[in-house]
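Please open the model in a viewer and keep the sequence panel visible. The tour below proceeds by selection, from the whole chain to individual elements.

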Amino acid sequence: DRVANIVRAMKDFSHPDKREMSMIDINRALSTTLTVAHNELKYVANVVKELDPDLPSVLGYASELNQVFLNLLVNAAHAIGEVTSEGKERGTITVRTTRTKDAIVVSISDTGIGIKQAVRDRVFEPFFTTKEVGRGTGQGLAIARATVVEKHGGEIYFETEEGKGTTFFIKLPLRTTQESLV
C-alpha cells in the first residue's frame, strides 16, 4: 500500500500541466507533495497537517505549485536540520490551509533556525542562498515568488524569528478564469 501510495503521489506530482490553468485541489496537492518529500522530512521533523476540509479549488498550474510547496518543505527540513544537528530533538513542520473572503492561504511553518535579520530582504533574490556550497542554488525562493506572484497573481511572504522558526505564506486568489488574473 505504501509503495502504491508513493507511486500515485509521484505521478500526480510530476504530471505536466496543460498549457492552460486548471482547477486545483490544494489540499490534495499538498498531501501529494508531502508524500514525495517524506524521505527528506522524516529524519528531522514531525509533520502536522491542518487542512481546511471545505477549501474550494483554485485556478492554477498544479505542477508549478507542487514545486513551490516542495521547495518550502525542503527548506523547512534544512532549517530544522541545522537545529537538530546541535543535539536538539526533532522539529515540527506544520502545513495549514485556510480560506479568506477572496483567497486560499497555504502556510508552511518550521521550528528551525529562522532567517537572520540581515538577509530577510534578499531571500527572494535569484542566486541568493544562506546554505553551504553544494546544498542550495539560490533559485528555489526566486522561482517560488515568480510562480506565485507572476503566474498565479498571488502573494508569498514570511514571518520569522531567529532561533524559533519561519512560516511562509502563499496566498492564491479565488478565481475561475485566467482573464481575472491580476
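How many helices and how many strands are there in the protein chain? Colour the chain by secondary structure: this predicted model contains four helices and seven strands. Read from the N terminus, the elements follow the order α-β-α-β-β-α-β-β-α-β-β. The protein chain has 182 residues, of which 44% are buried. Among contacts with a separation of 6 or more, 71% are made by residues 24 or more positions apart.

**Helix α3**

Select residues 62–84, which form helix α3. The 23 residues of α3 should span 33 Å at 1.5 Å a residue, and the 32 Å between its end C-alpha atoms agrees with that. Switching on a surface is useful here: because 19 of its 23 residues are buried, α3 is largely enclosed by the rest of the structure.

**The packing of α2 on α3**

Add residues 26–41, helix α2, to the selection. The axes of α2 and α3 lie 9 Å apart, and the two helices pack at an angle of about 40°. The angle therefore makes α2 oblique to α3. Their crossing is right-handed.

Next, show side chains at the contact. On the α2 side, display Ile26, Ala29, Leu30, Thr33, Leu34, Ala37, Glu40 and Leu41. These meet Leu65, Asn66, Phe69, Leu70, Leu73, Val74, Ala77 and His78 of α3. Sorted by class, the contact comprises 12 nonpolar, three polar and one charged residues.

**Helix α4**

Move to residues 140–151, helix α4. Its 12 residues should span 16 Å at 1.5 Å a residue, in agreement with the 15 Å between its end C-alpha atoms. Which residues of α4 are buried? Highlight Leu141, Ala142, Ala144, Thr147 and Val148. The buried residues of α4 pack against α3, β6 (155–161) and β7 (165–173). Following α4 is Gly153, with a positive phi near 65°.

**Ser57**

Finally, centre the view on Ser57, in the loop between β2 (45–51) and β3 (58–60). Is Ser57 buried, exposed or partly exposed, and what is its relative accessible area? Ser57 has a relative accessible area of 36%, so it is partly exposed. Beyond its neighbours within four places in sequence, Ser57 is in contact with Met23, Ile24, Asp25, Ile104 and Leu174. To close the tour, select Asn27 as well: it is 30 residues from Ser57 along the chain, and their C-alpha atoms are separated by 8.9 Å.

Methods. Residues are numbered from 1 along each chain as its sequence is written. This is a predicted model: local features need pLDDT of at least 70, side-chain atom pairs count only at pLDDT 80 or more; totals for chains, interfaces and linings use all residues. Side-chain values use heavy atoms; hydrogens and water are left out. Axes are lines fitted to C-alpha atoms, for helices over the stretch in contact, and angles run from 0 to 180 degrees between N-to-C directions. Angles under 35 degrees count as roughly parallel, over 145 as roughly antiparallel, 65 to 115 as roughly perpendicular and the rest as oblique. A crossing is left-handed if the near helix is turned anticlockwise from the far one by less than a right angle, and right-handed if clockwise. Contact means heavy atoms within 4.5 Å. Ala, Val, Leu, Ile, Met, Phe, Trp, Tyr, Cys and Pro count as nonpolar, Asp, Glu, Lys and Arg as charged, and the others, Gly among them, as polar. Buried means under 20% relative accessible area, exposed over 50%, partly exposed in between (1.4 Å probe, protein chains only). The expected span of a helix is 1.5 Å times one less than its number of residues.
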